[in-house]
Every structure is written in structure tokens, then in C-alpha cells.
Amino acid sequence: MTIRRAIPKDLDAINSLLHQVYAVHQSGRPDLFRPVSKKYTDEQILSILADDSTPVFAAVNDRDEMIGYAFCILQTHAEDNRYKPGLSSLYIDDLCVDEKSRGQHVGTQLYEYVCSYAKAIGCYNVTLNVWSCNEKALGFYEHIGLKPFEVGMEKIL
């Protein structure tokens, strides 16, 4: 397995993985998510891929077929009075491993790659959000050492 930046030719594979992630969220929260959809349009994906502040890392097999990805967003806190000056974070907006490749440490390697990248560009931390209905993802993130940073809560009216 190799990890590289995703490129436009990866669009179909990205869409396949986006549908897998969406299905998990839609089944966990059908009150919020439409029955059939995905997080980004093709145009949005291509724009994200072209922007260095939103790197997408692709885990690919020896045939250069995508088996996982990590969508990331570089966050600077220059305009936020809460944080110390100069802090930046790399936010993992979406991390997915193809259903057929789970259990092979692809997610762990993607996460470690993201952390190395974030450190290399001077980030203070790596953050992400995970839906509480996604118990497998919660377990995975806890297993690789993430701790709660901030907890979102709701009351359905």
C-alpha cells in the first residue's frame, strides 16, 4: 500500500467511498440524512483536490486502486480570539477505508500519514468529528489514541 495525494483520476473511487460513508450516516441518522446522496458533488471534489489547504490523501494498492482516503482541511486560528496566536490544526473532514480492505490497518496508516503531514507543515494538532451513531469509527479512533476534544450535543424537538 502507498499513500499519495488524490488526483482527479481518482474521482470515481472517491465517489464510491463517499457513498459507503454516507450509507453509514444515513442508516444511523435517517432523521437527518437523505436516503441517497453523498457529501460532495463532483465539482466540489475536483475543487477540493486542487486546493492545497484541503489535501486529500489516497491509500492505494499496488495497482494504484484507491482503498481508502482522508479528506483534510488546514485550519488556522488567526481570527479566533480563543486560541493562542500561530496555532493551526489539520482537521480530518472524512476518513474512509473501502469495506473490502477493512481490518488491514489501512485506516491506521492513513491516520499516521495525516499526522506526519500535519507535523511537517507545523500544525499543533490533528482533529476530527465522528458521529456518535458510528460505533465502529468511534472504536477505531479510540483504539488509535484519539481523545475527545469537544463534544457536540443535541435535543431533537
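**Exercise 1. Lay out the sheet of this predicted model. In what order do the strands of the open sheet stand, and how are they paired?**

Step 1. Five strands form the open sheet. Their order is 1-2-3-4-5, and the pairing is mixed.

Step 2. Turn to the edges. Strand 1 (2-5) and strand 5 stand there. Each has a single partner strand, so one side of each lacks a neighbour in the sheet.

Step 3. Add the twist. On average, neighbouring strands are turned by 30 degrees against each other, direction ignored.

**Exercise 2. Work across the sheet from strand 2 to strand 5. Which pairs run parallel or antiparallel, and over how many bridges?**

Step 1. Strand 2 and strand 3 are antiparallel, with five bridges. Ala59 has Gly68 in strand 3 as its bridge partner.

Step 2. Strand 3 and strand 4 are also antiparallel, joined by nine bridges. Here Tyr69 stands opposite Cys96 of strand 4.

Step 3. Strand 4 and strand 5 run parallel and share four bridges. Tyr91 faces Thr127 in strand 5.

Step 4. Follow the chain between these two. From strand 4 it passes through helix 3 to strand 5, a right-handed β-α-β crossover.

**Exercise 3. Decide whether Ser88 is buried or exposed.**

Step 1. Locate the residue. Ser88 belongs to strand 4.

Step 2. Apply the cut-off. Buried means under 20% relative accessible area. Ser88 has 11% relative accessibility, so it counts as buried.

Step 3. List what surrounds the residue. Beyond four places in sequence, the contacts of Ser88 include Leu74, His77, Gly122 and Tyr124.

Step 4. Compare with the strand. Ten of the ten residues in strand 4 are buried. Helix 1 (residues 11-28) lies across strand 3 and strand 4, at about 80 degrees to strand 3.

**Exercise 4. Describe the largest nonpolar core. How many residues does this core have, and which have the most contacts inside it?**

Step 1. Count. The core has 22 residues. Those with the most contacts inside it are Cys72, Leu90, Ile92, Leu110, Val114, Val126 and Tyr141.

Step 2. Find the sources. Elements giving two or more residues include strand 3 (66-76), strand 4 (88-97), helix 3 (106-120) and helix 4 (135-143). Helix 3 gives the largest share, five residues.

Step 3. Zoom in on one member. Leu90 touches Cys72, Val114 and Val126, among others farther than four places away in sequence.

Step 4. Look for a second core. Apart from the largest one lies another, of 17 residues, including Leu11, Ile48, Val60 and Met66.

Step 5. Set this in context. Nonpolar side chains tend to be buried together in soluble globular proteins.

Definitions and conventions
Residues are numbered from 1 along each chain as its sequence is written. This is a predicted model: local features need pLDDT of at least 70, side-chain atom pairs count only at pLDDT 80 or more; totals for chains, interfaces and linings use all residues. Side-chain values use heavy atoms; hydrogens and water are left out. A nonpolar core is a set of buried Ala, Val, Leu, Ile, Met, Phe, Trp, Tyr and Cys residues joined through side-chain atoms within 4.5 Å. Buried means under 20% relative accessible area, exposed over 50%, partly exposed in between (1.4 Å probe, protein chains only). Contact means heavy atoms within 4.5 Å. Two strands pair if DSSP finds at least two bridges between them. A crossover is right-handed if, with the strands pointing away from the viewer, the path from the first strand over the helix to the second runs clockwise. Axes are lines fitted to C-alpha atoms, for helices over the stretch in contact, and angles run from 0 to 180 degrees between N-to-C directions.
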